[in-house]
Structure formats: structure tokens, C-alpha cells
Amino acid sequence: PLQTLLDSAVSETLKEFGPKGLKPDGLAATVIKLSGSDVPQLASYRGDSKIYPASVVKMFYMVALHRQLEDGKIKMTPELKRGLSDMITVSSNEATQYVLDVLTGTSSGAELPPKEFKKWAYKRNAVNRYFASLGYKNINVNQKTFCEDAYGIEKQFRGPEGVNRNMLTTDATARLLSEIVSHKTVSKERSVQMMELMKRDWDGASSNPDGKEFISDALESGTKLWSKEGWTSKTRHDAAYIETPKGESFIIVVFTENVATVRGIIPGIAKTILRKSGEIN
């Protein structure tokens with residue numbers, strides 16, 4: 001079964017990269033095999049562990065934005081279309097900040113006194129309330145992404161020691177991606193639009209100049225890829241939907257912590273899954 005395959009991939013990865021600093025609690029992964037049966041197969045390793053998601057959170061903001069557009073709470077404008085596109089295609093943090101302002105009716109600025117801050121914080125938590133209503137657990141999606149750091153009310157909202165920073169699990173991320181792929185988020189038309197933003201023209205070139213960092217580095221020529229990556233100085237993550245030349249389709253989500261500069265961990269897991277997938281019953 002798929003779980004056995006993932007367990008094997010994780011075990012091999014920990015054995016290979018343990019000497020380079022990868023610890024069992026510095027890795028999480030969720031895999032969904034969509035092809036081959038009527039019911040998708042799911043496997044995970046630490047799939048419910050909360051991890052800082054870096055730019056992977058932008059996928060959640062994209063879905064929430066389409067929900068509000070569909071409900072007529074906001075209207076698409078040329079500027080919002082530009083912001084949405086840049087948030088996903090080039091992972092712009094500035095675009096993400098703008099999109100989150102639109103989603104929540106909040107904006108950055110100076111720190112606020114307690115009463116005003118409480119009102120501001122409630123509004124900023126709109127995306128959390130949306131995903132909670134859908135049954136998502138162990139996630140926090142209410143913070144802007146920054147190239148450097150948060151200041152003013154953004155730092156106030158993040159809280160001491162970053163207690164309120166964004167958090168995702170690989171299970172929640174894989175669920176969201178699977179719902180986009182299967183056109184179960186918002187509407188089929190909007191799901192197709194989201195897929196278009198996440199489509200990666202990876203073939204023949206790495207998605208990262210260093211190479212051997214993301215799932216695209218594990219793929220054989222002719223494989224189709226839709227993904228959202230995220231990385232910081234301490235984290236490196238990838239969430240991908242893959243269609244292989246053999247007609248198989250997978251969602252693979254891998255999060256890593258404290259080994260961001262170590263090459264090969266994420267593609268190593270993906271390569272094992274894809275290479276041995278034919279052994280799954």
C-alpha cells in the first residue's frame with residue numbers, strides 16, 4: 001500500500017540525510033495517489049504536525065480569495081488580478097500582503113491599543129474562520145509574508161516569540177491541493193483558474209538555480225507539474241500535483257525544517273514514490 005511506500009521513502013531519506021542534520025521531527029510528508037482506483041489512496045508521515053509553511057500558505061489565500069469573489073463579497077479588478085497572479089506565479093510577498101488586505105479588510109500600520117487591536121485581529125482572522133468552517137484543523141493562516149520582517153501592528157499580531165505565526169500541516173495542504181485538482185473548491189471554473197496559476201513549465205530546467213531542492217528535480221521528462229513551493233533560511237517545502245507519462249497522478253507534499261541548505265531531501269522522497277508507485281496494489 002501507499003503508506004508502506006511512503007514509510008520506506010522516509011526511512012531511506014532519514015538514513016541518507018541524518019548525518020547532514022535531518023531529524024525525524026524535521027520532516028513531514030503527505031502523499032495522495034489519485035489514479036488507479038475510484039477512491040484516492042492517502043499516506044502521511046507526521047502529516048498533522050504544525051509547521052511554519054513559508055510561501056505555501058499563499059495557496060490558501062488564493063482559494064479564500066476565489067471564495068469571496070464567487071460570493072460577491074469582493075470584485076475582481078485589474079490590480080487584484082495582477083496581485084493574485086504574482087502571489088502564485090512568482091511568489092511575490094508584496095502581492096500577498098495586498099491580497100490578504102483585500103481578503104480581510106485590514107491593513108498594516110502602527111500598533112493599536114487593546115480595544116482597537118481586538119477588532120482588527122478579528123477581521124484579520126477571516127481566512128482562518130473560512131477554513132475552520134470546512135473542517136480544516138491544526139492550521140493558522142492569518143499572517144502576511146515578508147522578505148525581511150514584520151513591523152508595527154503586524155509584529156503585534158504575530159505575538160511574542162511568533163506565537164501567532166502561520167502554521168500548516170502537510171495533511172491540510174494535500175487536502176487543499178487535492179480539492180483544487182478535483183474541482184471541489186469554490187467552483188470548477190475557479191479551480192481551473194487556480195490550476196493555471198500553479199502550472200509549472202519545469203521540463204528541461206530546474207525550478208531553482210541550485211537544483212536538487214524541489215519535487216521538479218525528481219521528475220522524468222514529459223511529466224506535468226502544478227505546484228507551490230516555499231522556503232526560508234530554516235524551512236524548505238513543496239506541494240505538488242503530478243501527472244506522469246504513464247498516466248499516474250499524485251499529490252506529494254513535503255515540509256522540511258532546519259535543513260534548508262541541504263540538497264536532495266524533497267526530490268529524493270518524490271523520486272522514491274514515483275519510481276516504486278507501480279508496486280502499489
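Contact is taken here to mean heavy atoms within 4.5 Å. The structure described is a predicted model, and the account begins with its helices before turning to the nonpolar cores and the aromatic residues.

Helix H8 (residues 170–181) comprises 12 residues, which at 1.5 Å a residue should span 16 Å, and its end C-alpha atoms are indeed 16 Å apart. Because 10 of these 12 residues are buried, H8 is largely enclosed by the rest of the structure. Among the buried residues are Thr-170, Glu-179, Ile-180 and Val-181. The elements covering the buried residues of H8 include both strands and helices: strand E1 (27–33), strand E5 (235–243) and strand E6 (249–257), together with H2, H6 and helix H9 (188–198). Just after H8, a positive phi of about 60 degrees is found at His-183.

Helix H4 (residues 93–104) also has 12 residues; the distance from its first C-alpha to its last is 16 Å, close to the 16 Å expected at 1.5 Å a residue. A side-chain oxygen of Ser-92 lies 3.3 Å from the backbone nitrogen of Glu-94, and Ser-92 thereby caps the N-terminal end of H4. Beyond the other end, Gly-105 adopts a positive phi of about 65 degrees just after the helix. Buried positions in H4 include Asn-93, Ala-95, Val-99, Leu-100 and Leu-103. An α-helix has 3.6 residues a turn, so residues three or four places apart point the same way. The cover over the buried residues of H4 includes helix H2 (58–71), helix H3 (78–89), H5 and helix H6 (126–133).

Gly-83 is located in helix H3 and, at 5% relative accessibility, counts as buried. With neighbours within four places in sequence left aside, Gly-83 is in contact with Ala-95, Tyr-98 and Val-99. Gly-83 and Ala-110, 27 residues apart in sequence, are separated by 24 Å in space, C-alpha to C-alpha.

The largest nonpolar core contains 46 residues, and those with the most contacts inside it are Phe-60, Met-62, Phe-131, Val-141, Ile-180 and Met-198. Helix H2 supplies the largest share of this core, eight residues. When residues up to four places away in sequence are not counted, Met-62 touches Leu-84, Met-87, Ile-88, Ile-180, Met-194, Leu-197 and Met-198. A second, separate core of 31 residues includes Val-10, Leu-22, Leu-225 and Ile-273.

Nine aromatic pairs are found in a search of the whole structure. In one of them, the ring centres of Phe-117 and Phe-157 are 6.3 Å apart and the planes lie at 65 degrees, so the pair is edge-to-face. This pair links distant parts of the chain, 40 residues apart, with Phe-117 in helix H5 (residues 114–124) and Phe-157 in helix H7 (residues 153–158). Phe-157 counts as buried, at 5% relative accessibility. Phe-131 and Tyr-136 likewise form an edge-to-face pair, because their planes are at 80 degrees, with the ring centres 5.3 Å apart. Phe-131 is buried with a relative accessible area of 1%, and Tyr-136 is buried with a relative accessible area of 7%. These two residues belong to one aromatic cluster with Phe-60 and Tyr-130.

Charged groups also lie over aromatic rings. Arg-175 is placed over the face of Tyr-136, at 3.9 Å from the ring centre. The charged end of Arg-129 sits over the ring of Tyr-122, 3.8 Å from its centre.

Key: Residues numbered from 1 in each chain as written. Predicted model: local features only at pLDDT ≥ 70, side-chain atom pairs only at ≥ 80, totals over all residues. Heavy atoms only, no water. Phe/Tyr/Trp six-rings, centres within 6.5 Å; stacked < 30°, edge-to-face > 60°. Helix = DSSP H or I, 4+ residues; strand = E, 2+ residues; numbered from the N terminus. Buried < 20%, exposed > 50% of the residue type's maximum accessible area, 1.4 Å probe, protein only. Lys NZ or Arg CZ within 6 Å of the ring centre and 35° of its normal. Expected span 1.5 Å × (residues − 1). Polar contact = N/O pair within 3.5 Å; in protein donor to acceptor, adjacent residues only side chain to side chain. Core = buried A, V, L, I, M, F, W, Y, C linked by side-chain atoms within 4.5 Å.
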